[in-house]
Amino acid sequence: MKITILTLFPSMFEPFRTESIIKRAIQNQIVEVDVVDIRDFSLDKHRHVDDTPYGGGAGMVIRVDVLDRAIKSVRNENSKVLLMTPQGRRYDQKLAEEFSKLDDIVIVCGHYEGFDERVLNYVDEEISIGDYVLTGGELAAMVVADSVIRLQKGATKDESHEDDSFSTGLLEYPQFTRPPLYDGFSVPEVLINGNHAKIREYRLYESLKKTYIRRPDLIEKYDLTPEMNKMLEKIKKEI
Ligand SMILES: C[S@@+](CC[C@H](N)C(=O)[O-])C[C@H]1O[C@@H](n2cnc3c(N)ncnc32)[C@H](O)[C@@H]1O
């Protein structure tokens with residue numbers, strides 16, 4: 001898979017590309033992450049990429065011609081071009097899974113007041129990472145790239161994301177590690193005794209309980225098995 005990020009601030013992606021799981025995925029050629037400076041597509045000798053908005057108002061708007069040239073320089077017939085914007089489709093694990101199957105993703109980061117609306121003619125999808133406004137699309141692009149890269153085969157152990165929150169449709173069960181007792185707080189006995197059937201049951205129960213308490217909307221959408229329904233009845237009595 002190849003991910004190309006179009007940004008006015010390429011250096012923001014250096015730590016992203018050179019640490020931990022993403023660094024290893026790049027080194028192992030599981031993913032190629034290219035970062036392209038939008039400013040390289042300015043035809044202005046001062047490398048301007050933005051201008052004041054028509055109709056007046058605060059801030060600067062990134063020009064459509066500059067963005068069009070930048071996008072054209074990197075996209076191919078397989079590319080999916082994503083525009084980072086708070087006005088876009090809300091990003092979630094389902095979309096991450098969908099995007100993780102693509103071969104070529106181009107992510108366009110806005111900045112300042114945003115971009116000339118006509119850029120929508122040159123992108124495939126507008127993506128928002130949540131209902132808040134960032135100064136630029138760079139952190140949003142990292143969120144999308146990171147969540148997609150960790151789903152690539154070989155980037156992490158498959159089992160490490162199979163049970164992740166949202167992958168199963170539920171929140172993940174609680175996790176514990178050594179020491180077994182810390183400051184009076186102990187690890188649930190069932191996780192220490194090595195009985196795998198009991199561990200599975202405990203995890204399913206706790207995952208359902210957490211989801212029911214914190215995200216009942218997820219439970220409503222979930223097709224519960226008879227075992228889960230039974231557990232849920234118990235949970236409702238317990239809390
Ligand atoms: C200050 S914001 C512009 C917001 C724009 N004026 C509006 O009200 O919709 C600058 C850039 O940050 C990025 N951005 C901000 N919030 C975002 C979010 N929640 N999701 C994705 N990108 C975001 C976009 O690329 C946007 O063009």
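**Close-up views of the predicted model**

**View 1. Leucine 83 faces its partner across two strands.** Leucine 83 sits opposite valine 108 of strand 6 in this predicted model. Strand 6 covers residues 104–108 and runs parallel to strand 5, residues 79–90. The two strands are joined by 5 bridges.

**View 2. Strands 5 and 6 belong to an open, parallel sheet.** The sheet has 5 strands. Their order is 2-1-6-5-7, and they pair in parallel. Strand 2 (32–37) and strand 7 (125–128) are the edge strands. Each of these edge strands pairs on one side only. On average, neighbouring strands of the sheet are turned by 30° against each other, direction ignored.

**View 3. Helix 3 lies across four strands.** Helix 3 is made of residues 64–74. Strand 1 (2–7), strand 2, strand 5 and strand 6 are the strands that helix 3 lies across. The angle between helix 3 and strand 6 is about 165°.

**View 4. The whole chain, for context.** The protein chain holds 9 helices and 9 strands. Its radius of gyration is 22 Å, whereas the globule rule gives 18 Å for 239 residues, so the chain is more spread out than a compact globule. The C-alpha trace spans about 70 × 40 × 40 Å along its principal axes. Buried residues make up 26% of the 239 in the chain. Among contacts with a separation of 6 or more, 76% link residues 24 or more positions apart.

How values were computed: Residues are numbered from 1 along each chain as its sequence is written. This is a predicted model: local features need pLDDT of at least 70, side-chain atom pairs count only at pLDDT 80 or more; totals for chains, interfaces and linings use all residues. Two strands pair if DSSP finds at least two bridges between them. Axes are lines fitted to C-alpha atoms, for helices over the stretch in contact, and angles run from 0 to 180 degrees between N-to-C directions. Two residues are in contact if their C-beta atoms, placed from the backbone, lie within 7 Å. The radius of gyration is taken over C-alpha atoms; the globule rule is 2.2 Å times the number of residues to the power 0.38. A residue is buried if 20 or more other C-beta atoms lie within 10 Å of its own, exposed if 12 or fewer, and partly exposed in between; C-beta atoms are placed from the backbone.
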